[in-house]
Amino acid sequence: MSNYLKSLNKLPKNDLIDKVLLEAKELKTPIISDEGIMFLIQVIKIAKVKKVLEIGSAIGYSAIMMALNTNAEITTIEKDELSYDRAIKNVSNGNLSSRIKLIKADALEVELEEMFDLIFIDAAKGQYLKFLERFKPNLNDGGIVICDNLLFHGLVSDKEQIESKRLKGLVNKIDDFNHKLIEHPDFDSFIYEIGDGLSMSIKKG
Ligand SMILES: C[S@@+](CC[C@H](N)C(=O)[O-])C[C@H]1O[C@@H](n2cnc3c(N)ncnc32)[C@H](O)[C@@H]1O
């Protein structure tokens with residue numbers, strides 16, 4: 001986001017958010033961009049989303065921001081034990097345990113019966129198609145899927161500059177997902193240059 005927009009667009013902040021942001025910085029935990037969370041919050045409000053499923057809680061920043069800025073209930077899945085423990089602590093420090101349900105599990109293994117209005121995918125970047133297919137049955141018709149990091153620091157649209165074989169493999173996977181998402185017969189999707197590249201898909205019903 002430009003400095004001009006940074007000075008205009010103010011995300012609500014409190015002591016808890018400041019602490020979680022500092023913790024993310026110290027631990028080098030990747031979290032959603034300001035632009036991304038601003039977009040997500042507005043979509044939740046416009047679509048009157050009641051239930052959100054998040055794949056990839058990390059230390060709870062995006063879940064806490066969604067809970068503090070909307071009326072939605074959030075279920076969020078995290079497989080890393082240390083991140084999960086920190087998320088639990090942060091959510092409880094904000095007295096948000098009744099609004100945010102944290103599940104410690106690999107999202108590729110967990111079985112959920114519940115239905116959701118919006119799914120936010122922000123976990124292992126090479127697994128997005130698997131997450132989408134796995135949780136599609138848990139999304140109501142007309143429900144929304146938002147995925148983060150689809151431009152991956154600008155590398156997806158400029159692969160030639162990548163030297164590392166491993167990174168190239170990951171970026172190719174994201175590129176492949178982007179095409180499959182846009183062509184997916186069950187969703188109407190667009191990808192936007194918001195934050196690190198966000199998609200918004202609407203499930204056809
Ligand atoms: C980018 S971080 C999430 C950031 C968080 N959404 C935020 O903006 O505050 C991605 C997280 O996904 C978790 N993750 C990766 N693969 C996962 C999986 N298969 N199941 C659950 N969590 C996973 C990682 O451990 C990591 O903490």
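**View 1. K28 comes right after α2.** Just past this helix, K28 has a positive phi, near 55°. The model here is a predicted one: local features need pLDDT of at least 70, side-chain atom pairs count only at pLDDT 80 or more, and totals for chains, interfaces and linings use all residues. Numbering starts from 1 along each chain, following the sequence as written. α2 itself has 13 residues and spans 18 Å from first C-alpha to last, close to the expected 18 Å at 1.5 Å a residue (the expected span being 1.5 Å times one less than the number of residues). Helices (H or I, at least four residues) and strands (E, at least two) are DSSP runs, numbered from the N terminus.

**View 2. P30 sits in the loop between α2 (15-27) and α3 (34-46).** Is P30 buried or exposed? P30 counts as partly exposed because 14 other C-beta atoms lie within 10 Å. For that label, buried means 20 or more other C-beta atoms within 10 Å of a residue's own, exposed means 12 or fewer, and partly exposed is in between, with C-beta atoms placed from the backbone. The C-alpha atoms of P30 and A58 are 8.0 Å apart, though 28 residues separate the two along the chain.

**View 3. The ligand has 18 residues around it.** I32, G56, Y61, S62 and A107 come nearest. A residue is near a molecule if its C-beta atom, placed from the backbone, lies within 6 Å of it. α4 (61-69) and β2 (73-78) each bring at least two residues to this shell.

**View 4. M66 belongs to the largest nonpolar core, which has 51 residues.** Along with V52, L118, I119, I121, V145 and I146, M66 touches the most other members. Such a core is a set of buried Ala, Val, Leu, Ile, Met, Phe, Trp, Tyr and Cys residues joined through C-beta atoms within 7 Å. α4 gives the most to this core, with 6 residues. Leaving out residues up to four places away in sequence, M66 touches L40, I41, I44, V52, A72 and I74; contact means C-beta atoms, placed from the backbone, within 7 Å.

**View 5. Stepping back, the protein chain has 7 helices and 7 strands.** Its radius of gyration is 16 Å, close to the 17 Å that the globule rule gives for 205 residues, so the chain is as compact as a globular protein of that length. That radius is taken over C-alpha atoms, and the rule is 2.2 Å times the number of residues to the power 0.38. Buried residues make up 36% of the 205.

Technical notes: Two residues are in contact if their C-beta atoms, placed from the backbone, lie within 7 Å.
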